Amino acid sequence: MDVQIKTLNVGQAMCSVAFAENNAVFFDSGNDDALGDLEKVFAEGKIEHCSFVISHLDDDHVGGLIELLKRYPDKPIIDEIYIPERGDGTDTENYNKLRKLIYQNEAILSTKELLKINPDEKKLFSKATDRKYKNPPKFHLVEKFKPKDDFELLYLKYLVYLQNGGGDDITAIKKLYEQKGVEIDEADIYKDIAKYAEKICSEHNVNFRSIKFDTVKPGETKVVQMYNIGLVEMMKPDYDGKYENENHNTMIAFLTANKNKLCFPGDIPAEKERNILARIMYNHKCIYMIVPHHGAKGSSTKDFILAINPNVSVVQAKKGKYGHPSETTLINFNKWGKCIINQEDVKEITVILKEDGQAYLKIEELSKIMRSKEIEKKMGKVIADIENKCIQYFCSHNEIQLIQRFSEADTMEKAVMIPDLELQRKYRDALYMCEAVDEFLTNGISIDDDTIVKMFIDKNGQIKKFENDDMQLEYVISKAYEVQEYQKYNPVK
C-alpha cells in the first residue's frame, strides 16, 4: 500500500503528516493557527483515525493539537498521542492543557449517548448559567445512574451540562475538593471525571472512548506500529541534569514505511544531537528529513547530518522571523546534505512511498533551493538562476524519484532520478554546470557570469545540447582548462 507524507506550510512552526487509506500520523501539529491546515488534511484525505507524535511541548509544535482537541473532539477519532517525558519531573502549562483536554474529550465522547436529557429538561439546560449549574433542576439521569457520593453527583451534572450546550465550568467540583481537604491540580480533576465516565459506560455496556496518552522517557527508544502506515521510532536523549528551555526536552522521530526512512527531529539542540548520535549512526539514513529547530544555528551538527544523510531536507521557517534559517545551518547542509528547501519557497511538498520501495518527491511551485551566501557567491548568479529554473521546470511537471537509502547515493546527481528523459537532461545540464564552477574554484580560477553564459548557453539562449552525458562532461572539463589557460594571460580584474 502506498504511503504519502506531506509537510504542511505552517510558517514558523512544524507539522508533517503521513497517511494511508483513512488513517494519519502527525509529526508535530504546528501552532494554534495551523488548525485550518489540519482541517484541510482531514477533508482531502478523508481521515477517520489519527495519532500524534509531538517532539516537545512548545506552542509551535503542539498548538495545533490543543486547538483540535478544543474544537473537534470527535472528528477525526484521535487514537494515540506521544510526547517526551521531562527528566526533572516538572510539568509545563501545555502538558496540563493536553491532559485536561484528553480526559475531558474521553468523558464527553464516551457518554454522548448515555447523557441525553429529555426535551423538557433540555430547555432548562439550553440557556444554562453558572447559577443554574450550581443548583440544577432535578433530572432523570440522577435516578438512572444513582451517584454514590457528592463527587459523582457533581461529575454527572458537569457532564450532562456539557453534553447539552453548557460551558466548561468545574468551579463547584473544585470547591468540593477544597471542602474535603483534597489538594489536586485541575488536570487531575478532569482525570477523575473521565474515570467516572468510564465507570458508567462499563455499567451500561457502552464502549469507553479512550485516547492513549503515552510518554517517551529520557534515554528511551520506543517503536510503535502506526496503523497500516509504518513503524514510528521515537528517541529521547538522556537527561543531563538541566533543561535550559523546552527544546532540551525534544525527542526525535523516524518513520519507516515501504523500505524507506524519514526523520522528524523537532527542535533538538546540538548537545542533544551528540547525545543521541550512537543510536542513529549506522542504520538511520533517510531519504527525507525536517531540518532541526527551523534551521537555527544551535542545531544541525556535521555528525548528525552525516548520520542521517538525507536526500532532501526541508526547513520550516518564516523569513525574517528569528533569523531562521541561519547561515551556519545552510553551510552545513550544503556541505553534508544533498538538497535543502525552505517551506516558504514552495506551495506543497509530498513524499510518495510506493509499496515496492520506490520513493518520489512531489514539489509544487518551488521558487528556489536554499544555499548559503558563501555557496551562492562561488556559483555566481547566472549559474544559480539556471539551476533554479531547471528545478522549477521539472517540479511543475514531474515527481523526483529518490533512490532508496539502502543503496549508495553520494551526489545529488545519483540521489535524484527523473523519469522523463528530457527533464532529466535539463537537470543534469545544471548539475554539470555546477561541477564546472567547482572545477574552476578548485584550480583557483576566477570566473564571471559572462564567461559562464558563453560556455553553456547557445545563441538562442538555450542550454547547449550534447548527444550523451560523457560528451557533456568532456566539454565541461575542456572548457575548465580553456578558461584556466586563457586567464593565465588575461586575468579577470
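Start by selecting Thr 221 and Met 235: Met 235, in strand S8, is the bridge partner of Thr 221. The model is predicted, and residues are numbered from 1 along each chain.

**The hairpin at the sheet edge**

Extend the selection to strand S7 (221-226) and strand S8 (230-235). S7 and S8 are antiparallel and share 6 bridges. They make a hairpin with 3 residues between them. In the turn, select Tyr 227, where phi is positive at about 50°.

Now colour S7 residue by residue. Lys 222, Val 224 and Met 226 belong to its covered face, while Thr 221, Val 223 and Gln 225 belong to the uncovered one. In a regular strand the side chains alternate between the two faces of the sheet.

**The whole sheet**

Which order do the strands of the open sheet follow? Show the 7 strands, and the order reads S7-S8-S9-S10-S11-S12-S13, with mixed pairing. S7 and strand S13 (340-342) are the edge strands, each pairing on one side only. Between neighbouring strands of this sheet the average turn is 20°, direction ignored.

Inside the sheet, go to strand S10 (residues 260-264) and strand S11 (residues 288-290), which run parallel and are joined by 2 bridges. Select Cys 263 to find one end of a bridge; its partner in S11 is Met 289.

Next, add helix H10 (residues 270-280). H10 lies across S7, S8 and strand S9 (252-257), and runs at about 140° to S8.

**Helix H1**

Move to helix H1 (residues 35-45) and select Leu 35, Leu 38, Val 41, Phe 42 and Gly 45, which are buried. Looking down the axis of H1, the buried residues fall within an arc of 120°, so they line one face of the helix. Ala 43 and Glu 44, on the other side of H1, are exposed.

What covers the buried residues of H1? Turn on strand S2 (16-20), strand S3 (23-27), strand S4 (49-53) and helix H2 (59-71), which are among the covering elements. Step past the end of H1 to Lys 46, which follows the helix and has a positive phi near 50°.

**Two crossing helices**

Select helix H3 (residues 93-110) and helix H7 (residues 150-163). Their packing angle is about 75°, and the axes are 10 Å apart. H3 and H7 are therefore roughly perpendicular to each other, since angles of 65 to 115 degrees count as such.

Show side chains at the contact: Gln 104, Ala 107 and Ile 108 come from H3, and Tyr 158, Leu 159, Leu 162 and Gln 163 come from H7. By class, the residues of the contact of H3 with H7 are 5 nonpolar, 2 polar and no charged.

**The second hairpin**

Finish with strand S14 (residues 348-353) and strand S15 (residues 359-364), an antiparallel pair with 6 bridges. Select Val 351 and look across to Leu 361 in S15, which stands opposite. This hairpin has 5 residues between the strands, and Gly 357 has a positive phi near 100°.

The last stop is Lys 362, also in strand S15. Is Lys 362 buried or partly exposed? With a relative accessible area of 36%, Lys 362 is partly exposed, because that class lies between under 20% for buried and over 50% for exposed. Add Lys 6 to the selection: Lys 362 and Lys 6 are 356 residues apart in sequence, and their C-alpha atoms are 9.5 Å apart in space.

Key
This is a predicted model: local features need pLDDT of at least 70, side-chain atom pairs count only at pLDDT 80 or more; totals for chains, interfaces and linings use all residues. Side-chain values use heavy atoms; hydrogens and water are left out. Two strands pair if DSSP finds at least two bridges between them. Helices (H or I, at least four residues) and strands (E, at least two) are DSSP runs, numbered from the N terminus. Axes are lines fitted to C-alpha atoms, for helices over the stretch in contact, and angles run from 0 to 180 degrees between N-to-C directions. Contact means heavy atoms within 4.5 Å. Angles under 35 degrees count as roughly parallel, over 145 as roughly antiparallel, 65 to 115 as roughly perpendicular and the rest as oblique. Ala, Val, Leu, Ile, Met, Phe, Trp, Tyr, Cys and Pro count as nonpolar, Asp, Glu, Lys and Arg as charged, and the others, Gly among them, as polar. Buried means under 20% relative accessible area, exposed over 50%, partly exposed in between (1.4 Å probe, protein chains only). The arc is that of the directions from the helix axis to the C-beta atoms.
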